[in-house]
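Work through the exercises below with the model open beside you. Try each task before you read its solution.

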Amino acid sequence: MRLANFALASLAAFVLASLALHALRPELDPVRSQMSLYLIGKGGHLLQAAYCGLSVGMVALALGLYRALAPAARSAAPLLLFALAGLSLTVTAFAWMDMPGVDRTVEGLIHGVSAQAAFLFATTGAILQALRFGHDPAWRGHRRWALPWALACFGAVWVLALWREAPRGLAQKAVIGLILGWMAVAAWQLRTQARAGNADILT
């Protein structure tokens with residue numbers, strides 16, 4: 001339950017920090033401005049901390065799910081992918097993107113690659129984790145929502161990458177919201193299962 005609670009807290013902290021920065025940075029158009037722009041300038045350290053917290057929260061969620069599943073349903077692959085997603089997200093937080101109209105830099109390249117890696121690692125991990133649910137009778141029913149949602153997240157990442165005419169800020173935030181939603185529901189279900197297990201032990 002502690003891992004589930006930590007994951008939920010990290011998700012909430014990230015959402016609150018993001019909303020606060022949108023209020024603190026009215027000069028940035030939320031429809032056109034990517035999240036990466038909010039890392040630069042006023043309040044950027046707040047978002048960096050939220051990124052780092054979310055990175056650890058992703059690993060906590062994956063570890064909690066690994067422990068919650070029956071041994072036959074466990075796989076290290078989703079845990080590894082979420083750990084790589086968290087690492088990539090942390091690199092994204094501290095390697096700034098190239099500002100519009102300036103020459104490309106190595107730091108900007110690292111930012112772009114790590115951001116895309118975070119998306120792909122997280123969504124692939126979600127797909128594999130959803131598939132593992134099917135091997136545990138206690139979690140098998142959750143596969144009905146977890147797998148299509150994870151596939152939608154994966155597809156949305158590629159739409160974001162290929163549809164260059166889309167408003168970058170709004171499109172990116174929609175994809176982030178879709179992924180965070182999957183994580184939030186998975187963490188809540190993990191918490192629910194943990195509470196039920198504790199109740200069974202006490203009775």
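**Exercise 1. Place V106 and decide whether it is buried or exposed.**

Solution. V106 has a relative accessibility of 63%. The cut-off for exposed is over 50%, so V106 counts as exposed. Next, find its element: V106 sits in helix α4. Keep in mind that this is a predicted model.

**Exercise 2. Find the nonpolar surface patch that includes V106, and name the elements that give two or more residues to it.**

Solution. Start with the members. L87, V91, V106 and I110 make up a nonpolar patch on the surface. Together they have about 350 Å² of accessible area. Now turn to the elements. Two or more residues of the patch come from each of α3 (76-94) and α4 (106-133).

**Exercise 3. State how many salt bridges the structure holds, then describe each pair.**

Solution. The count is two. Recall the principle: side chains of opposite charge can pair when their charged atoms come close.

- Step one. E27 and R25 join through their side chains in a salt bridge, at 2.5 Å from N to O. E27 is exposed, at 55% relative accessible area. R25 is buried, at 8% relative accessibility.
- Step two. D29 and R32 form a salt bridge, and their closest N and O atoms are 4.0 Å apart. D29 is partly exposed, with a relative accessible area of 34%. R32 is exposed, at 63%.

**Exercise 4. Give the number of disulfides, and classify C52 and C153 by burial.**

Solution. A disulfide needs a pair of cysteine sulfur atoms within 2.5 Å. By this rule there are zero disulfides. Now take the cysteines named in the task. C52 has 24% relative accessibility, so C52 counts as partly exposed. C153 has a relative accessible area of 2%, so C153 is buried.

**Exercise 5. Locate H142, classify its burial and list its contacts beyond four places in sequence.**

Solution. First, the location. H142 is in the loop between α4 and α5 (143-162). Next, the burial. The cut-off for buried is under 20%, and H142 has 16% relative accessibility, so H142 counts as buried. Last, the contacts. With residues up to four places away left out, H142 touches F133, Q189 and Q193.

**Exercise 6. Describe two residues of helix α1, L3 and A20.**

Solution. Take L3 first.

- L3 belongs to helix α1. At 25% relative accessibility, L3 is partly exposed.
- Its contacts, leaving aside neighbours within four places in sequence, are A60, L63, G64 and R67.
- L3 and R191 are 188 residues apart in sequence, and their C-alpha atoms are 8.4 Å apart in space.

Then take A20.

- A20 lies in helix α1 (residues 2-24). A20 is partly exposed, at 31% relative accessible area.
- Along the chain, A20 and V157 are 137 residues apart. Their C-alpha atoms are separated by 25 Å.

**Exercise 7. Describe the surroundings of F154 and Q172.**

Solution. Begin with F154. F154 is in helix α5. With 28% relative accessibility, F154 counts as partly exposed. Beyond four places in sequence, F154 touches L120, T123, T124 and I127. F154 and A122 are 32 residues apart along the chain, with C-alpha atoms separated by 8.7 Å.

Now Q172. Q172 is in helix α6 (residues 168-202). Q172 is buried, at 9% relative accessibility. Not counting residues up to four places away in sequence, Q172 touches Q34, M35, F119 and L160. Q172 and A156 are 16 residues apart in sequence and 9.2 Å apart in space, C-alpha to C-alpha.

**Exercise 8. Judge the confidence of the prediction, and say what is found over residues 199-203.**

Solution. Take the whole protein first. The mean pLDDT is 92, and 97% of the residues reach 70 or more. Then look at residues 199-203, where the pLDDT is below 50. Beyond near neighbours in sequence, this stretch has zero contacts in the model. The last step is a matter of reading: where pLDDT is low, the predicted coordinates should not be read in detail.

Technical notes:
Residues are numbered from 1 along each chain as its sequence is written. This is a predicted model: local features need pLDDT of at least 70, side-chain atom pairs count only at pLDDT 80 or more; totals for chains, interfaces and linings use all residues. Side-chain values use heavy atoms; hydrogens and water are left out. Buried means under 20% relative accessible area, exposed over 50%, partly exposed in between (1.4 Å probe, protein chains only). Patches are made of residues with over 30% relative accessible area and no salt bridge: like charges are joined within 9 Å, nonpolar side chains (Val, Leu, Ile, Met, Phe, Trp, Tyr) within 5 Å. Accessible areas come from the Shrake-Rupley method with a 1.4 Å probe; for residues, only the protein chains shown count as cover. Contact means heavy atoms within 4.5 Å. pLDDT is the predictor's confidence in each residue, from 0 to 100.
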